[in-house]
Structure formats: structure tokens, C-alpha cells
Amino acid sequence: MERPADLAAAIAAAAETLIAVLDSAASRHQLPPTQLRVLMLISNRQETNVNGLAELLDVVPSSASRLCDRLEATGLLRRVADPRDRREVRLRPTPAALTLLEELAERRQSAVQAVLDRMPTRMQHDLLLALVGFARAATQPVPEQQTDPAAQTA
């Protein structure tokens, strides 16, 4: 079976649509998307500090620190001394942040389910298989390109 020429474009468009569905589910909270992303990142990475967060966000540490200040002021983030090295400060979501993230995940899942419910069952099944295959392919190592030794020059 030959791959359609516009498959990558169709996937990119579907991804944008999915992002819009997920964002609409998140719009109920007054939290900016960047702050939500920070909470998601630190909730999944227990060892994160401000410098690590800055790397994950690809921002300078002072910007990451200001984001943390805002989240701390709203009661969604705590800075905690690392018990192994008291000079090191870890970022921890508060129970309120974890509740917010759980509610958000439920709303997002419901929003996606509402779209899926408008699709025929067979298409849902095909989509599941395609997404599983895509995820597997995305996590496989990229094969190194074989070079022809005869084509190399000294």
C-alpha cells in the first residue's frame, strides 16, 4: 500500500485539531497555558529544580523562577529543600495543583471522547491501531544511514 502524499500534512492538521479540543477543555481554568505546562512537567518529574525546569521549557533560569513565583503565590507550587542536599531546592506541586491537573485530565478525556463518539466504531478502532503504531515508530531509534565505502573520498 502506498502512503498518501499528504499524510504528514493530514496528521499535522489532526494534531492541531486535537490540541484545540484539549485546549478548550482547559479553558475553564484561569491558569495560562505555560503555567499549566509547568505544573504538568513538575508533577511528572520529582527531581526538578528551577534550572531543570528552565531547560525543559527552553528558557533562562530567571524566567523559570518567575513562573514558579507566580505558581507559588497562587498556592499551586512549593519549593522544598532536597533532604540529601539542603542547598538544592526541588519544585513540588501542591495538593491543589494535583487536584487541578486531575480535573483537567478528566475534562480533556471527556472532550476527546465526545469527538470519538461522533466517529463510527470501525474508524475509532483504526485510529487506535494507527496511534499505537505511530507511538511505537516515534520511540524507535532512528537507523543510521549506511554510507557506501566506495563513495567516500580520502
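**Exercise 1. Is Arg90 buried or exposed, and which residues does its salt-bridge network join?**

The model is predicted.

Step 1. Arg90 has a relative accessible area of 11%. The cut-off for buried is under 20%, so Arg90 is buried.

Step 2. Arg90 forms a salt bridge with Glu88, and the closest N and O atoms of this pair are 3.8 Å apart. Glu88 is partly exposed, at a relative accessible area of 23%.

Step 3. Through shared partners, salt bridges join Glu47, Asp82, Arg84, Glu88 and Arg90 into one network.

**Exercise 2. Describe the salt bridges of Arg84 and state what the pair with Glu47 ties together.**

Step 1. In the salt bridge between Arg84 and Glu47, the closest N and O atoms are 2.7 Å apart.

Step 2. Arg84 is in the loop between E1 and E2, while Glu47 is in the loop between H2 and H3, so this pair ties together parts that are 37 residues apart in sequence.

Step 3. Asp82 also forms a salt bridge with Arg84, with 3.2 Å between the closest N and O atoms.

Step 4. Accessibility is then assigned for each residue. Arg84 is exposed, with a relative accessible area of 63%. Glu47 is partly exposed at 45%. Asp82 has 4% relative accessibility and counts as buried.

Step 5. The general basis is that side chains of opposite charge can pair when their charged atoms come close. With a limit of 4 Å between side-chain nitrogen and carboxyl oxygen, the count comes to nine salt bridges.

**Exercise 3. Check the length of helix H4 and find where its buried residues lie.**

Step 1. Helix H4 covers residues 61-73, which is 13 residues. The expected span is 1.5 Å times one less than the number of residues. For H4 this should give 18 Å, and the end C-alpha atoms are 18 Å apart, so the two values agree.

Step 2. Ala64, Leu67, Cys68 and Leu71 are the buried residues of H4. They cover an arc of only 100 degrees around the axis, which puts them on the same side of H4.

Step 3. The spacing follows a general rule: an α-helix has 3.6 residues a turn, so residues three or four places apart point the same way.

Step 4. The packing partners of the buried H4 residues are helix H2 (33-44), helix H3 (50-57), strand E1 (77-82) and strand E2 (85-93).

Step 5. Just after H4, Gly75 has a positive phi of about 80 degrees.

**Exercise 4. Repeat the length check for H2 and list what its buried residues pack against.**

Step 1. H2 has 12 residues and should span 16 Å at 1.5 Å a residue; its end C-alpha atoms are 17 Å apart, which agrees.

Step 2. The buried residues in H2 are Gln35, Leu36, Val38, Leu39, Leu41 and Ile42.

Step 3. These residues pack against helix H1 (7-26), H3, H4, E1, E2 and H5.

**Exercise 5. Which elements give two or more residues to the largest nonpolar core, and which gives the most?**

Step 1. The largest nonpolar core has 22 residues. Leu31, Leu36, Leu39, Leu53, Leu71 and Leu91 have the most contacts inside this core.

Step 2. H2, H3, H4 and helix H5 (95-116) each give two or more residues to the core. H2 gives the most, with five residues.

Step 3. Leu71 serves as a worked case. Apart from neighbours within four places in sequence, Leu71 is in contact with Leu31, Gln35, Val38, Leu39, Leu76 and Leu77.

Step 4. As a general tendency, nonpolar side chains in soluble globular proteins are buried together.

**Exercise 6. Where is Asn49 placed, and which residues is it in contact with?**

Step 1. Asn49 is in the loop between H2 and H3.

Step 2. Asn49 counts as buried, at 16% relative accessibility.

Step 3. Leaving aside neighbours within four places in sequence, the contacts of Asn49 are Glu88, Val89, Arg90 and Leu91.

**Exercise 7. Summarise the whole protein by its elements, burial, contacts and surface.**

Step 1. The protein has six helices and two strands. Their order from the N terminus is α-α-α-α-β-β-α-α.

Step 2. Of the 154 residues, 23% are buried.

Step 3. Among contacts with a separation of 6 or more, 50% are between residues 24 or more positions apart.

Step 4. The exposed area is about 11,500 Å², and carbon and sulfur atoms supply 57% of it.

Terms used: Residues are numbered from 1 along each chain as its sequence is written. This is a predicted model: local features need pLDDT of at least 70, side-chain atom pairs count only at pLDDT 80 or more; totals for chains, interfaces and linings use all residues. Side-chain values use heavy atoms; hydrogens and water are left out. Helices (H or I, at least four residues) and strands (E, at least two) are DSSP runs, numbered from the N terminus. Buried means under 20% relative accessible area, exposed over 50%, partly exposed in between (1.4 Å probe, protein chains only). The arc is that of the directions from the helix axis to the C-beta atoms. Contact means heavy atoms within 4.5 Å. Accessible areas come from the Shrake-Rupley method with a 1.4 Å probe; for residues, only the protein chains shown count as cover. A nonpolar core is a set of buried Ala, Val, Leu, Ile, Met, Phe, Trp, Tyr and Cys residues joined through side-chain atoms within 4.5 Å.
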